[in-house]
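Visitor: Hi, could you walk me through this one? I'd like to start with the surface and then go into the details.

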Amino acid sequence: MLKSKVQAIGLLIAVAVAGFAAGAATQSYAHEKSGRRDWRRSCSYSGVLQHELGLSDTQRDSLRAVMQRYRPRMREVFDRVRPEMDSLRAMMRAEMRAMLTPAQQLAFDSLNTRERSERNRQERGTNVERR
């Protein structure tokens, strides 16, 4: 009786290990086929361009230099239209929020707070870079 229990436990462990290995292999394969990329490396516009267009590092660096040259003028334009954009964003979010359940509204509010905080953090970083 003890021998059959040991065999059953051994078989159970073997099936669990095989299932884990198969799941890991399938997930890895699906991840590769999905075209997902490392967002830490490619979340910048130049990173997206490098990934989508197959840029060399030299091309990517040249494109970054062009973007940096235009950044002050782009910022000036954005600063002029920002109040209107903020107003439209607030109206859109209010309309969207009204369609959600109370629990979803809390999650939506939290998501918007995190987004706003991240945007402010990035803007402070951009302002430091420009000095």
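Visitor: What does the accessible surface of the chain come to?

Guide: About 11100 Å². Carbon and sulfur atoms account for 61% of that area. Keep in mind that this is a predicted model, so to speak of its values is to speak of computed ones.

Visitor: Got it. And how much of the chain counts as buried?

Guide: The chain has 131 residues, and 11% of them count as buried.

Visitor: What about secondary structure, how many helices and strands are there?

Guide: There are five helices and zero strands. Read from the N terminus, the order of elements is α-α-α-α-α.

Visitor: What share of the contacts joins residues at least 24 apart?

Guide: That share is 21%, taken among contacts between residues at least 6 apart in sequence.

Visitor: Let's switch to helix packing. At what angle do helix 3 and helix 4 cross?

Guide: Their axes cross at roughly 145° and come within 10 Å of each other. Helix 3 covers residues 45-53, and helix 4 covers residues 57-98.

Visitor: Is that crossing left-handed or right-handed?

Guide: The crossing of helix 3 and helix 4 is right-handed.

Visitor: Which residues meet there?

Guide: Helix 3 brings Y45, S46, L49 and Q50. On the helix 4 side you'll find D57, R60, L63, R64 and M67. By type, the residues of this contact divide into four nonpolar, two polar and three charged.

Visitor: I'd like to zoom in on R60. Is it buried or exposed?

Guide: R60, which sits in helix 4, counts as buried because its relative accessibility is 16%, and the cut-off for buried is under 20%.

Visitor: Which residues does R60 touch, leaving out those up to four places away in sequence?

Guide: With those left out, R60 touches S46, Q50 and L55. S46 and Q50 are also among the helix 3 residues that meet helix 4.

Visitor: And what joins the side chains of R60 and D57?

Guide: A polar contact of 3.3 Å. D57 has its place in helix 4, as does R60.

Visitor: Why does D57 count as partly exposed?

Guide: Because its relative accessibility is 46%, and partly exposed runs between the 20% and 50% cut-offs. To put the pair together: R60 is buried at 16%, D57 is partly exposed at 46%, and their side chains make a polar contact of 3.3 Å.

Visitor: Great, that's what I needed. Thanks!

Key. Residues are numbered from 1 along each chain as its sequence is written. This is a predicted model: local features need pLDDT of at least 70, side-chain atom pairs count only at pLDDT 80 or more; totals for chains, interfaces and linings use all residues. Side-chain values use heavy atoms; hydrogens and water are left out. Axes are lines fitted to C-alpha atoms, for helices over the stretch in contact, and angles run from 0 to 180 degrees between N-to-C directions. Helices (H or I, at least four residues) and strands (E, at least two) are DSSP runs, numbered from the N terminus. A crossing is left-handed if the near helix is turned anticlockwise from the far one by less than a right angle, and right-handed if clockwise. Contact means heavy atoms within 4.5 Å. Ala, Val, Leu, Ile, Met, Phe, Trp, Tyr, Cys and Pro count as nonpolar, Asp, Glu, Lys and Arg as charged, and the others, Gly among them, as polar. Buried means under 20% relative accessible area, exposed over 50%, partly exposed in between (1.4 Å probe, protein chains only). Accessible areas come from the Shrake-Rupley method with a 1.4 Å probe; for residues, only the protein chains shown count as cover. A polar contact is a pair of N or O atoms within 3.5 Å; within protein, one must be able to donate a hydrogen and the other to accept it, and residues adjacent in sequence count only if both atoms are side-chain atoms.
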